[in-house]
Amino acid sequence: TCPSPSGAVTFYTEAADAKADLEELKAADPAAQVALDFTPLGRAFALTQGLMGLKTPGPTKLQFSRANVSRHGQSGLPEELRERMSNAGPFPLFYSDKLGSEQFTPVFFDVADMHEMWVTCGGDRAKLPEPTVTDLRIVVARTMQEPGQGEPLHFIPPKTSEALTTQ
């Protein structure tokens, strides 16, 4: 979490994006008392979307990896929802039917992390699975509409952000 250069409190999934915006903010106002903080994804999503009655005193934003957003755009949303959901997001997530089971479905913020788990679990590096792209809003909607849908989902934090969350 960090105020973005636009002034919105921004929840980042990618450490490099958060650090870059923090440095830009500090450069613009060296006296600013700003720092990064950690917020769980569920809380960040609820705050930015106004779920469960949560409200913030100012603007908020959920920022997924700019590189993934640029690369995948809204491809995780069904065509008929893209225009209606274009005001926030996209929030691309990745999974593969070749990884996991009915009891455990890993969901990734980055394709490279999905491929790393594939290889770590014994998959052939020469046969990396194609990711299925979805969107966080689709995942949340399904888990809220269909009881039990969210239980096997395990969000795998981006490898690039793990160190920052423990600092």
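**Note on the predicted model: core, pocket and selected residues**

1. His72 makes contacts beyond its neighbours within four places in sequence: the partners are Pro92, Phe94, Val111 and Val133. The model is a predicted one. His72 sits in helix α3, which covers residues 66-72. Its relative accessible area is 19%, and the cut-off for buried is under 20%, so His72 counts as buried.

2. Two of the partners of His72, Phe94 and Val111, recur in a nonpolar core of seven residues, which also includes Leu99 and Ile156. This core is the second one and is separate from the largest nonpolar core.

3. The overall fold comes next. The protein has seven helices and seven strands. Along the sequence they are arranged as β-β-α-α-β-α-α-β-β-α-β-α-β-α. Among contacts with a separation of 6 or more, 58% join residues 24 or more positions apart.

4. On overall dimensions, the C-alpha trace spans about 50 × 35 × 25 Å along the principal axes. The radius of gyration is 17 Å; a compact globule of 167 residues would have one near 15 Å, so the two agree. Of the 167 residues, 35% count as buried.

5. The largest nonpolar core holds 13 residues. Those with the most contacts inside this core are Phe11, Phe45, Leu62, Phe64, Phe91, Leu93 and Leu136. Helices α2 and α6 (136-145) each supply at least two residues of the core.

6. Leu93 belongs to strand β4, residues 92-95. The relative accessibility of Leu93 is 0%, and Leu93 therefore counts as buried. Leaving out residues up to four places away in sequence, Leu93 touches Phe64, Val107, Phe108, Phe109, Thr132, Val133, Thr134, Asp135, Leu136, Val139 and Phe155. For a reference distance, Arg66 is 27 residues from Leu93 in sequence, and their C-alpha atoms are 13 Å apart.

7. Leu136, one of the partners of Leu93, is placed in helix α6. Leu136 has 3% relative accessibility and so counts as buried. Beyond residues up to four places away in sequence, Leu136 touches Leu41, Phe45, Leu62, Phe64, Phe91, Leu93 and Phe155. Leu136 and Pro90 are 46 residues apart in sequence, with 8.3 Å between their C-alpha atoms.

8. Phe64 and Phe155 appear in the contact list of Leu93, and both appear again in that of Leu136. Phe64 is also named among the residues with the most contacts inside the largest nonpolar core.

9. What does α2 pack against? The buried residues of α2 pack against β2, β3 (60-63) and α6. In α2, Ala44, Phe45, Ala46, Leu47 and Thr48 are buried. Phe45 is also a contact of Leu136. Just after α2, Gly50 takes a positive phi of about 70°.

10. The largest pocket has a volume of about 600 Å³. Its lining has 26 residues, and Tyr12, Phe38, Thr39, Ser161 and Thr165 lie nearest the centre. The elements giving two or more residues to this lining are β2 (9-12), α1 (15-28), α2 (41-49), β7 (153-156) and α7 (159-166).

11. What is the make-up of the lining of the largest pocket by class? The lining has 16 nonpolar, seven polar and three charged residues. Helix α7 gives the most to the lining, with four residues.

12. Is Thr160 buried or exposed? Thr160, in helix α7, has a relative accessible area of 51%; the cut-off for exposed is over 50%, so Thr160 counts as exposed. Not counting residues up to four places away in sequence, Thr160 touches Glu14 and Ala15. Thr160 and Gln74 are 86 residues apart along the chain, and their C-alpha atoms are separated by 22 Å.

13. Two of the values above lie beside a cut-off. His72 is at 19%, where buried means under 20%. Thr160 is at 51%, where exposed means over 50%.

Key
Residues are numbered from 1 along each chain as its sequence is written. This is a predicted model: local features need pLDDT of at least 70, side-chain atom pairs count only at pLDDT 80 or more; totals for chains, interfaces and linings use all residues. Side-chain values use heavy atoms; hydrogens and water are left out. On a 1 Å grid over the protein atoms alone, a cavity is a set of points where a 1.4 Å probe fits but cannot get out, and a pocket is an open set with protein on both sides within 12 Å along at least five of seven lines; lining residues have an atom within 4 Å of a point. Grid points are joined across faces, edges and corners, and a volume is the space filled by probe spheres set on the points. Ala, Val, Leu, Ile, Met, Phe, Trp, Tyr, Cys and Pro count as nonpolar, Asp, Glu, Lys and Arg as charged, and the others, Gly among them, as polar. A nonpolar core is a set of buried Ala, Val, Leu, Ile, Met, Phe, Trp, Tyr and Cys residues joined through side-chain atoms within 4.5 Å. Buried means under 20% relative accessible area, exposed over 50%, partly exposed in between (1.4 Å probe, protein chains only). The radius of gyration is taken over C-alpha atoms; the globule rule is 2.2 Å times the number of residues to the power 0.38. Contact means heavy atoms within 4.5 Å.
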